[in-house]
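User: I have a fold on my screen and would like to understand the labels people attach to it. Could you walk me through the reasoning behind each one?

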Amino acid sequence: MTSDPLKSAVEAISTNKSYDVVIVCTTDDYQASYWMDRLSRGLFAKEDSSSSEGSSVFPMVLAVSEDWSAGGAGNGLGTLYAYQKACKLAQKLHEVDIADLLNQGKISAALYHTAGKGTRLAPLPASENNNKPGVKLPVCHEVDGESSPLTVLEAVVRQTSLYAPSRPGRLSAYWGDQVFIPSSSFEYKPTHHVDILCALGESAPTPEEWTERGLDKYGVIAVMPSGGAAQVEKVDHATAVKMLATLGEIKRVGPSLGSFSVSSDILNALCEEFSAELSSKTGKLDTDPHFWMPLTLPEKEYISLMGQKGVDVETASSHHQRMAVMKEKFEKGASSDLGMFGAVDVGDKACWWDYGQLKLYSKNNIKLIEKDENADLLRQFLGVSSRQMNSSLGESISVCSDSTITSCNIKSGKISSSVLCCVSSPSIEADGAIVVNCTAKKIVAPKGSILYNIVDDSDEGIVVGEGDVRVSVMNENGNDMVVKSNLSVCGGNSWKSIVEDNSMTFEAIMIQNSGTDIGAIEKVRKDLFKKTSSSFMED
């Protein structure tokens, strides 16, 4: 039986109002165009209201690229820059001043960071032509009236809508590869200009509990009895207590999820403070070490922490003083009684599913066949109401009761403990495998294997071994290259190396994919899939 708080959260996801403004920060303009189109036709599709006088531009999807100097902006400056760029785009496309509406508390806004190479998820992002948030999950939803695999970003956007009703007048920022279901209440009234999601324990941990929970390996949020909070990063219990001693007693502690929300007031203050960097597109600042820690820690402790990161005393001291001046000016002119920095607890029993690593992509997708409470929640969240959905299966095919099959057309074979989505084949043997968006005359996918985005018209079909990973990388002309890997291969560690007899490294494939029109390639792949599968699926 599903725990009530978790079940309530999942149920609310399907009924909650979304954010009024959804901003996607991408690597390039092709990705921005893709997500504007994709989300507007799917999760945020509007009924035809051309004849309605009261039609609204909300929810509004705005996707922008981070055209920053070499090295990137970091997620701190990157958030501010993407927000400002989205404001200009909203004015251009819809003649709507979203900054003004946010200042008035009339709308809520969420920003999703999607940039990054996705090295640990390789080779799946390569198959999406570097569109890491477009990696497909083995379930479907409706886009333009057609069944289409749900992407990781779409799952994240759907889940994070939980917090939208509580955040008018605020900008929320999320990362695009982790889905979580809170076990604490998701409805709340913000009490701080900045609040950050974290999984708090019920009481302050002892030194032994600190180590046992692995808090020395994470960015950690410490909450005081007043409700105010501070952030420290990857320190042991004794160091954390020493650093936080001047702030008062520690009441609760937990690892940070990184995602945060800010009031329009502090958002405006940060944009003003870093206006020079934003206008020149220079500098690289992250939220945790460059915004939240200097705003919540004394200078001495901040310098000590930054020293562990290799930052010299002069640089750390100068930045802390800069943030201290900004904070003093902000608090003097503050128009509300909100505190500066607080925590939003997702609960220490929260469920979350990370798709940012190949092994976790495998683990959290094969979870769909499992029978525990966590798997029940995942299926409910993803809309898996039946083990077989929108599929056509031949009379001779053998399917176990645990496998999940979505939008597939398969004539014969045997499917055991596997997860299949958008698969078309006359014959398949799958045992403990994940197969997504593949068509071939024959498919053999044993335990631990992943087949992804493959269109194969050979008589041999697709045959792999245990733990093998096969993906197709396609270009705008429809030419494709099969890339091999294995669950035992870490893309991050092997990024610059040839693995599994591929002709190129993962890094070289990424470079080759740079600047490709992912929307055009998706259409080419879809048309080729239909043409190829129809050639051997017709009776």
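**Reasoning behind the labels**

Analyst: Happy to. At 63% relative accessibility, K349 counts as exposed, since the label applies over 50%. Please keep in mind that this is a predicted model.

User: What makes D348 partly exposed?

Analyst: D348 has a relative accessible area of 42%. Partly exposed covers the range between 20% and 50%, so D348 belongs there.

User: Why is the pair D348 and K349 called a salt bridge?

Analyst: The closest N and O atoms of D348 and K349 are 3.8 Å apart. The criterion is a side-chain nitrogen of Lys or Arg within 4 Å of a carboxyl oxygen of Asp or Glu, and this pair is listed as a salt bridge.

User: How many salt bridges does a search of the whole structure find?

Analyst: The search finds 24 salt bridges. One of them joins K496 to E507, with the closest N and O atoms 2.7 Å apart. This pair links distant parts of the chain: K496 sits in the loop between β25 (480-486) and α16 (506-513), E507 is in helix α16, and 11 residues separate them. K496 counts as exposed, at 61% relative accessibility. Sharing of partners also occurs: salt bridges join D37, R41 and D144 into one network.

User: Which salt bridge does E328 form, and how far apart are the closest N and O atoms?

Analyst: E328 pairs with K332, and their closest N and O atoms are 3.6 Å apart. Both are in helix α13, 4 residues apart, which means about one helical turn separates them. E328 is partly exposed at 46% relative accessible area, whereas K332 is exposed at 68%.

User: Why does K136 count as buried?

Analyst: K136 has 8% relative accessibility, and buried means under 20%, so the label follows. This lysine lies in strand β4 (residues 136-143). Leaving aside neighbours within four places in sequence, its contacts are E128, P149, L150, T151, Y361, V436, N437, Y452, N453 and R525.

User: How do you know that helix α11 is largely enclosed by the rest of the structure?

Analyst: Helix α11 spans residues 287-296, and 10 of its 10 residues are buried, so the rest of the structure largely encloses it. Among those buried residues are H290, F291, W292 and M293.

User: Why is α2 called oblique to α17?

Analyst: Two packed helices are described by the angle and the distance between their axes. The axes of α2 (residues 29-41) and α17 (residues 518-537) come within 8 Å and cross at roughly 60°. Roughly parallel needs under 35 degrees and roughly perpendicular starts at 65, so α2 is oblique to α17. Y30, Q31, Y34 and R38 of α2 meet I518, G519 and E522 of α17. The contact residues divide into 3 nonpolar, 2 polar and 2 charged.

User: What makes α12 and α13 oblique to each other?

Analyst: Helix α12 (residues 299-308) and helix α13 (residues 313-333) have axes that come within 9 Å and cross at roughly 135°. Roughly perpendicular ends at 115 degrees and roughly antiparallel is over 145, so α12 and α13 are oblique to each other. The crossing of α12 past α13 is right-handed. In this contact, E299, Y302, I303 and M306 of α12 meet V313, A316, S317, H319, H320 and Q321 of α13. By class, the contact has 5 nonpolar, 4 polar and 1 charged residues.

How values were computed. Residues are numbered from 1 along each chain as its sequence is written. This is a predicted model: local features need pLDDT of at least 70, side-chain atom pairs count only at pLDDT 80 or more; totals for chains, interfaces and linings use all residues. Side-chain values use heavy atoms; hydrogens and water are left out. Buried means under 20% relative accessible area, exposed over 50%, partly exposed in between (1.4 Å probe, protein chains only). Helices (H or I, at least four residues) and strands (E, at least two) are DSSP runs, numbered from the N terminus. Axes are lines fitted to C-alpha atoms, for helices over the stretch in contact, and angles run from 0 to 180 degrees between N-to-C directions. Contact means heavy atoms within 4.5 Å. Ala, Val, Leu, Ile, Met, Phe, Trp, Tyr, Cys and Pro count as nonpolar, Asp, Glu, Lys and Arg as charged, and the others, Gly among them, as polar. A crossing is left-handed if the near helix is turned anticlockwise from the far one by less than a right angle, and right-handed if clockwise.
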